[in-house]
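Thanks for coming, everyone. I'll put the model up and we can walk through a few spots together.

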Amino acid sequence: MRIDNDPKLDFDDVLIRPKRSEAPSRASVELEREYRFLNGGGVWKGVPIVAANMDTVGTFAMSEAIGPPMLTCLHKYYPEDALVDFFREEAHSDSTFFTIGLNDAEFDKLVAVKKKADVRMVCVDAANGYTKFFVERVKRVRDAFPTMTILAGNVATPDMVQELLISGAADVVKIGIGPGSVCTTRRTTGVGYPQLSAIIECADAAHGLRGHVCADGGCRFPGDVVKAFAAGADFVMLGGMLAGHDECEGEWVMDEGRRVALRFYGMSSQEALDKYAGGRRDYRACEGRAVSVPYKGPVLDTMQEVTGGIRSACAYVGATRLKDLSKCTTFVICQRPHGSMFA
Ligand code: 5GP
């Protein structure tokens, strides 16, 4: 047994130090980024915020509302016909990931839809991205579709980022083991990695190879999204922050015909396993939970808070573009990241 004594940080352990600068006006901060992908070779331009492929959040309506310029990873439970119709629209192909897991039926569905519609981006998603089998599954997508943009994960350490970029031939690696709002992996298994350090270390490894990373999980406020970008994330994926909006699917709690709250659950919670996998198998523990999220209205209002937060942060540190935010960032370690008097 070994102990790594280097301190590892989470969003709440740091703040971004403000800097004297010729601060750009918030309105003029450039939020769009342009990436050329390592293995697929595609070029993408937009605001690199991604709706998570959870069945409540990764919906057609979410993609319609936020993209372009933002991205959505669709959940993997839409039927083939609906996906074909959806991906036949050019704007959707540019801003939406088709999601698959590890099983053959999901890969076959991708192949079938791709024959009839223009799928350009795929998210290959597994709770545990550390297995050899997972790397092989990512590589299978690459071999079948050499120019596809492939987002693959989740992992939280540089060794596996490199493995997925090199052996899996992924373009973007999704980072996060255990930080999610409805994730219980850390409680159930004791496994995880503090998310801010995971982003810093994985971004460094990916950028050294000209690959990219997507920070996934643990953002509760716009300031956390800012910290994820400041730590080097090329994309930031959001689940819980986008739950409860008009664009979500699922079970709403209603009061006199009005939406009050949404049932929001982890994709490996008992709820999700009952719904999609015919219940929990004996050998498998649940690694997610369910909560009620208050109704929040249109998602664009929340997105405006997020982009507003990023713009202000850039102005505080003197970055004229989101691209420059991480270069302009000095994190300071803190014990009290937010005031708590009225929390
Ligand atoms: P959030 O933005 O809600 O903090 O995190 C969203 C991320 O949590 C998702 O993109 C996914 O990676 C992760 N996630 C979703 N459902 C589950 C689950 O049931 N278990 C675990 N371990 N992670 C989950």
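Where is Cys183 found? Before I answer, a reminder that this is a predicted model. Okay: Cys183 is in the loop between S9 and helix H7, and H7 covers 185-189. I start here because the UniProt annotation "active site", from an unreviewed entry, covers Cys183. Let me put that more carefully: the label comes from the UniProt record.

Is Cys183 buried or exposed? It counts as buried, because it has 25 C-beta neighbours inside 10 Å, and the cut-off for buried is 20 or more. If we leave out residues up to four places away in sequence, Cys183 touches Gly178, Gly217, Gly266, Glu287 and Gly288.

Two of those names come back when we look at the ligand. Of the 25 residues around the ligand, the ones that come nearest are Gly180, Gly239, Gly240, Gly266 and Gly288. So what is the shell made of? It divides into ten nonpolar residues, 13 polar and two charged. Keep in mind that Gly is counted as polar in that split.

Next, Gly211. You'll find Gly211 in the loop between helix H8, residues 195-208, and strand S10, residues 212-216. Gly211 counts as buried, because there are 23 C-beta neighbours inside 10 Å. Which residues does Gly211 touch, not counting those up to four places away in sequence? They are Leu38, Leu165, Asp171, Val173 and Ala206. Take Val173: it is 38 residues apart from Gly211 along the chain, and the two C-alpha atoms are separated by 8.1 Å.

Now the open sheet. It has three strands in the order S12-S13-S14, and the pairing is antiparallel. The edge strands are S12, residues 252-255, and S14, residues 290-294, and each of them pairs on one side only. On average, neighbouring strands of this sheet are turned by 25 degrees against each other, direction ignored. As a general reminder, strands of a sheet pair through backbone hydrogen bonds, either parallel or antiparallel. Strand S13, residues 258-265, pairs with S14 over five bridges. If you want a spot to click on, Arg263 stands opposite Ser292 in S14.

Last topic, backbone oddities. Most residues other than glycine have a negative phi, and most peptide bonds are trans. With that in mind, which residues are joined by a cis peptide bond with omega of about 15 degrees? Pro68 and Pro69. Pro69 sits in the loop between helix H1, 60-66, and strand S5, 71-73. There is also a cis bond joining Gly153 and Asn154, with omega about 20 degrees, and here Asn154 is in strand S8, residues 149-155.

Then the positive phi cases. Ala169 is not a glycine, but has a positive phi of about 55 degrees. Ala169 lies in the loop between helix H6, 158-166, and strand S9, 172-175. Glu256, also not a glycine, has a positive phi of about 50 degrees, and its place is in the loop between S12 and S13, which takes us back to the sheet.

Are these two buried or exposed? Ala169 is buried, because 20 other C-beta atoms lie within 10 Å. Glu256 is exposed, because just 5 other C-beta atoms lie within 10 Å, and the exposed cut-off is 12 or fewer.

That's my tour. Happy to zoom in on any of it.

Technical notes:
Residues numbered from 1 in each chain as written. Predicted model: local features only at pLDDT ≥ 70, side-chain atom pairs only at ≥ 80, totals over all residues. Near = placed C-beta within 6 Å. Pairing = 2+ DSSP bridges. Helix = DSSP H or I, 4+ residues; strand = E, 2+ residues; numbered from the N terminus. Axes fitted to C-alpha atoms, helices over the stretch in contact; angles between N-to-C directions. Contact = placed C-beta atoms within 7 Å. UniProt positions renumbered as here; feature names shortened; annotations may be inferred.
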